[in-house]
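Dear colleague,

I am passing on the structure below, together with some notes on how its parts fit together. Please read the notes with the coordinates open beside you.

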Amino acid sequence: MTWITRESFPAGRAAQGLLLISPDGEVVAPLASADLPAAQQLAAATLTAAGLGADDRVVVALNNDGELSGALIAQAAASVAQAAASVGPRGRLRLHTALERVRATTLVITPSGAMDFLARLHLEFLLDPLDLELKQIFLIGEVASANVYGQLAAEFEASVVELFADPFLGVPIAHRPAAEKVLTPVRDGLLGLAPMDKDTADAPDQGLAEVIVIPGWHSTLGDATLRTGQVVRLAGGEQGVPSPAHTVGEHVLIRGRWVSIPKVAAALTRIDGVSHWELRISREGTLDAAALHVTFKRDTLVKNPMWKSRIGQSLVAVTPVAIEVVVEPEVSETARPGSVTDLRGQHLGRDRTQVC
């Protein structure tokens with residue numbers, strides 16, 4: 001059995017069918033002619049198990065930038081519910097308009113997206129979330145902050161359910177109501193746990209374990225085990241896979257997007273004068289914020305707007321996630337490796353074998 005990480009995902013040059021391409025271009029996941037209906041059936045079964053019914057009307061507010069996750073989930077929802085639309089992560093007032101026009105009963109969105117939507121309804125638009133009459137909110141794609149489920153349930157008077165999607169193919173394969181601690185896969189054998197330091201499905205009883213996906217339904221990846229980069233902390237006695245609380249590896253999850261740390265590093269090596277960089281991620285409000293703190297070797301570069309702009313453009317070239325460039329006032333002639341500081345407490349490190 002082949003073990004695959006995001007960094008070692010097979011190249012897509014010979015892939016056939018519908019190709020799901022991550023925004024950074026690193027992952028090209030194919031859905032061949034038989035895979036696409038299988039993926040939609042899996043997603044539909046997961047949505048049904050999570051509580052979606054024939055009378056529901058669904059709005060999916062997820063990205064469709066290459067990976068098409070929002071569109072795939074909307075198509076699956078349409079096969080179960082009365083109606084479904086994929087509107088993408090549009091502006092919050094436009095999302096409100098879409099929910100009203102569709103008369104949506106169900107919203108599929110990231111946890112941070114839902115909290116930002118709620119905050120803007122109250123503070124900017126002076127609208128009552130209860131007027132939307134949502135019955136349920138499905139959260140997907142991020143590690144949620146504490147109390148998100150409870151606050152959303154109270155403010156919208158809706159049931160709140162987590163969906164777990166395969167991070168490579170974007171297919172929801174498990175769900176978890178807010179009151180439960182572990183995910184319920186829609187089929188046996190799709191989801192599991194692995195130790196951090198070796199490729200085996202024998203997860204430890206306690207401590208950290210990485211969530212793995214076994215896509216047996218897929219025509220070319222069916223014999224592979226996919227390391228998701230998502231990590232759970234086991235207390236002992238769990239009967240199943242808990243909701244992921246951390247991430248690990250060479251990609252960090254920011255605003256529901258996997259940002260490649262090596263690509264950030266490679267982009268900065270092409271800019272003369274950088275001695276050190278630190279990528280800082282925080283979630284002080286409702287959304288993730290990322291800032292790249294850059295230390296230069298020469299004082300003449302510190303206040304040079306062209307150099308700062310070059311760094312900003314380099315980041316735009318490797319990720320759609322907005323990353324602020326912060327130039328440190330002190331210079332350092334000593335070159336040091338770049339680093340990642342996750343103030344959210346989510347990303348545990350770049351080397352999974354060294355995480356304990």
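Which residues in H6 meet which residues in H8? In this predicted model, Lys263, Val264, Ala267 and Leu268 are the residues of H6 that meet Ile311, Ser314, Leu315 and Val318 of H8. The residues of this contact comprise 6 nonpolar, 1 polar and 1 charged. Helix H6 spans residues 261–269 and helix H8 residues 305–318, and the two pack at an angle of about 145° with their axes 9 Å apart, in a crossing that is right-handed.

Turning to the strands, an open sheet is formed by 8 strands in the order S5-S4-S6-S7-S8-S9-S10-S14, with mixed pairing. Strand S5 (83–86) and strand S14 (241–242) stand at the edges and have a single partner strand each, so one side of each is left without a neighbour in the sheet. At the S14 edge, strand S10 (residues 182–185) runs antiparallel to S14 and is joined to it by 2 bridges, with Val241 in S14 as the bridge partner of Leu183.

Helices also pack on these strands. Helix H3 (residues 92–102) lies across strand S4 (57–60) and strand S6 (106–109), and runs at about 160° to S4. Helix H5 (residues 148–156) packs on the sheet as well, where it touches strand S7 (136–139), strand S8 (159–165) and strand S9 (172–177), its direction making about 135° with that of S8.

The largest nonpolar core has 50 residues, of which Val171, Leu191 and Trp217 touch the most other members; helix H1 (residues 35–50) supplies the largest share of this core, with 7 residues. Leaving aside residues up to four places away in sequence, Leu191 touches Phe164, Ile173, Ala174, Leu183, Pro185, Val211, Ile212, Val213, Ile214 and Val241, and two of these, Leu183 and Val241, are the bridge partners already mentioned between S10 and S14. A second, separate core of 26 residues includes Val274, Ala290, Ile311 and Val318, and both Ile311 and Val318 also belong to the contact of H8 with H6.

Finally, strand S19 (residues 289–296) pairs with S20 in the parallel sense over 5 bridges, and Val294 stands opposite Val327 in S20. Along strand S20 (residues 323–327) the side chains alternate, in that Ile323, Val325 and Val327 point to one face and are buried, whereas Glu324 and Val326 point to the other and are not.

With best regards

How values were computed
Residues are numbered from 1 along each chain as its sequence is written. This is a predicted model: local features need pLDDT of at least 70, side-chain atom pairs count only at pLDDT 80 or more; totals for chains, interfaces and linings use all residues. Side-chain values use heavy atoms; hydrogens and water are left out. Axes are lines fitted to C-alpha atoms, for helices over the stretch in contact, and angles run from 0 to 180 degrees between N-to-C directions. Helices (H or I, at least four residues) and strands (E, at least two) are DSSP runs, numbered from the N terminus. A crossing is left-handed if the near helix is turned anticlockwise from the far one by less than a right angle, and right-handed if clockwise. Contact means heavy atoms within 4.5 Å. Ala, Val, Leu, Ile, Met, Phe, Trp, Tyr, Cys and Pro count as nonpolar, Asp, Glu, Lys and Arg as charged, and the others, Gly among them, as polar. Two strands pair if DSSP finds at least two bridges between them. A nonpolar core is a set of buried Ala, Val, Leu, Ile, Met, Phe, Trp, Tyr and Cys residues joined through side-chain atoms within 4.5 Å. Buried means under 20% relative accessible area, exposed over 50%, partly exposed in between (1.4 Å probe, protein chains only).
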